[in-house]
Amino acid sequence: MPSQNSSKLPICRACGSNRLDYLWNCAPFSDRLLAEMGQSSLSAGKLYKCQHCGLGQRLPCLTEEELKQVYASAPSGAMDYEFERNAAWSKGRELLLKHFSGHQAVTVLDVGCNEGKFLANLPEHWQWFGVEGGEATAQSASAKGVQVIANRVQDVHCQWHHYFDVLTLFDVFEHLPNPLEGIQQAKQLLKPGGLLLISTGNMDAWTWRWLRGRHWYLQTPLHLSFATRQFFSYVEQIVGVKIQQIDSIPHQLGARQEVWDDCIKAIYYECWQRGGFWRFPQKAILSMPNYSHLRHLTSVPWTVKLSDHFFICLRNA
């Protein structure tokens with residue numbers, strides 16, 4: 001079983017402040033997820049938010065070395081999303097095609113490129129580069145024409161400093177023990193005026209305030225860090241980048257009915273967990289057409305169609 005970091009006096013992993021507000025206990029991980037990681041038990045820890053920089057963080061959590069081992073053994077296809085359903089990929093491609101319209105040699109580095117699907121949906125005459133820690137997934141990316149230059153962003157050789165027009169961190173932020181450090185490392189790789197695109201969970205979303213420690217984004221041990229608008233304002237001050245765009249997006253795009261269904265599931269599940277007065281709206285939901293089946297919902301619902309993510313575009317100063 002992986003060891004976990006522990007500290008009697010927790011400090012912020014990003015800014016070093018000891019002004020951390022305890023928010024909630026994280027809901028226990030599902031047995032299915034633990035089994036996939038080869039674990040029988042693993043503490044879900046507690047969620048804190050730093051008063052100084054605004055970063056949300058799980059404590060205790062897996063170490064960076066333990067994470068590296070998990071990613072290295074990840075099977076190909078484990079995170080194989082349909083391109084048009086991935087909100088960040090779709091929005092990122094739209095932004096880049098508009099921004100670099102007519103450019104012939106755009107260099108793009110996708111950190112955590114997985115099998116290279118995002119890059120493979122960009123213009124063929126652009127130069128595609130990737131950072132990927134999984135052996136099988138890196139091979140799949142290479143087969144698509146992606147030049148994989150490192151396993152982790154901190155391992156990228158200095159020869160690539162100030163080389164890239166664009167760097168993307170799609171669904172990577174939450175996996176970093178220190179996202180501020182990760183963004184600083186990304187900035188080193190960008191040309192002056194280059195763009196850094198980030199997508200990650202949004203702790204300011206209503207679903208976090210409602211579900212608290214039972215939010216689906218806390219249901220994987222690999223998610224360690226969680227973003228807020230306050231944190232990106234802090235990044236802007238400290239790192240030397242400017243926020244060009246910040247939007248609320250879902251993890252996956254869905255039809256209106258799918259979004260509504262996810263909303264009802266989130267409301268129902270938390271009413272059931274709270275009990276007491278909340279039994280009344282819970283029963284009202286069960287009486288609604290097409291929602292009586294929710295009485296069998298006993299685990300955290302993965303409401304991936306709700307707008308509980310950030311899409312951020314930062315420009316290198």
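Helix axes at an angle under 35 degrees count as roughly parallel, over 145 as roughly antiparallel, 65 to 115 as roughly perpendicular, and the rest as oblique. The model in these exercises is predicted.

**Exercise 1. Helices α6 and α8**

Work out how α6 and α8 are oriented to each other, and list the residues that make their contact.

Solution.
- Step 1. Locate the helices: α6 covers residues 179–189 and α8 covers residues 229–239.
- Step 2. Take the geometry. The two axes come within 11 Å and cross at roughly 45°.
- Step 3. Apply the classes. An angle between 35 and 65 degrees falls in none of the other classes. α6 and α8 are therefore oblique to each other.
- Step 4. Add the hand. The crossing of α6 past α8 is right-handed.
- Step 5. List the contact. α6 supplies Pro 179, Leu 180, Ile 183, Gln 184 and Lys 187. α8 supplies Phe 231, Phe 232, Tyr 234, Val 235, Ile 238 and Val 239.
- Step 6. Sort these residues. Nine are nonpolar, one is polar and one is charged.

**Exercise 2. Helices α9 and α10**

Describe the packing of α9 and α10 by angle, distance and hand.

Solution.
- Step 1. Locate the helices: α9 spans residues 256–274, and α10 spans residues 279–286.
- Step 2. Read off the packing. The angle is about 140°, and the axes lie 8 Å apart.
- Step 3. Classify. Roughly antiparallel needs an angle over 145 degrees. At about 140°, α9 is oblique to α10.
- Step 4. Give the hand: α9 and α10 cross in a left-handed way.
- Step 5. Name the partners. Ile 264, Ile 267, Tyr 268, Cys 271 and Trp 272 come from α9. They meet Arg 279, Pro 281, Gln 282, Ile 285 and Leu 286 of α10.
- Step 6. Sort this contact: eight residues are nonpolar, one is polar and one is charged.

**Exercise 3. The two sides of α5**

Find which residues of α5 are buried and which are exposed.

Solution.
- Step 1. Take the helix, residues 135–143.
- Step 2. Pick out the buried residues: Thr 137, Ala 138, Ser 140 and Ala 141.
- Step 3. Check their directions. They cover an arc of only 160° around the axis, so they sit on the same side of α5.
- Step 4. Turn to the other side. Glu 135, Gln 139 and Ala 143 are exposed there.
- Step 5. Look for the cover. Strand β6 (147–150) is included in what covers the buried residues.
- Step 6. Follow the chain onward. Just after α5, Gly 145 has a positive phi of about 100°.

**Exercise 4. Three loop residues**

Place Leu 222, Gln 154 and Ala 105, and say whether each is buried or partly exposed.

Solution.
- Step 1. Start with Leu 222, in the loop between α7 (206–211) and β9 (225–226). Buried means under 20% relative accessible area. Leu 222 has 14%, so it is buried.
- Step 2. List the contacts of Leu 222, leaving aside neighbours within four places in sequence. They are Met 37, Leu 62, Leu 67, Val 70, Tyr 71, Glu 174 and His 175. The C-alpha atoms of Leu 222 and Thr 63 are 9.9 Å apart, although 159 residues separate them along the chain.
- Step 3. Move to Gln 154, in the loop between β6 and β7 (164–170). Its relative accessible area is 30%, so Gln 154 is partly exposed. Beyond four places in sequence, Gln 154 touches Glu 64 and Gln 185.
- Step 4. Finish with Ala 105, in the loop between α3 (87–99) and β4 (107–111). Ala 105 has 49%, so it is partly exposed. Not counting residues up to four places away, Ala 105 touches Gln 127 and Asp 165. Ala 105 and Asp 165 are 60 residues apart in sequence and 9.3 Å apart, C-alpha to C-alpha.

**Exercise 5. Backbone details**

Locate the cis peptide bond that joins Leu 59 and Pro 60, then describe the positive phi values of His 162 and Asp 171.

Solution.
- Step 1. For the bond between Leu 59 and Pro 60, omega is about -10°. Pro 60 is in the loop between β3 (56–59) and α2 (64–72).
- Step 2. His 162 is not a glycine, yet its phi is about 60°. His 162 lies in the loop between β6 and β7. With 52% relative accessibility, His 162 is exposed.
- Step 3. Asp 171 has a positive phi near 55°. The loop between β7 and α6 holds Asp 171. With 13% relative accessibility, Asp 171 is buried.

How values were computed. Residues are numbered from 1 along each chain as its sequence is written. This is a predicted model: local features need pLDDT of at least 70, side-chain atom pairs count only at pLDDT 80 or more; totals for chains, interfaces and linings use all residues. Side-chain values use heavy atoms; hydrogens and water are left out. Buried means under 20% relative accessible area, exposed over 50%, partly exposed in between (1.4 Å probe, protein chains only). Helices (H or I, at least four residues) and strands (E, at least two) are DSSP runs, numbered from the N terminus. The arc is that of the directions from the helix axis to the C-beta atoms. Contact means heavy atoms within 4.5 Å. Axes are lines fitted to C-alpha atoms, for helices over the stretch in contact, and angles run from 0 to 180 degrees between N-to-C directions. A crossing is left-handed if the near helix is turned anticlockwise from the far one by less than a right angle, and right-handed if clockwise. Ala, Val, Leu, Ile, Met, Phe, Trp, Tyr, Cys and Pro count as nonpolar, Asp, Glu, Lys and Arg as charged, and the others, Gly among them, as polar.
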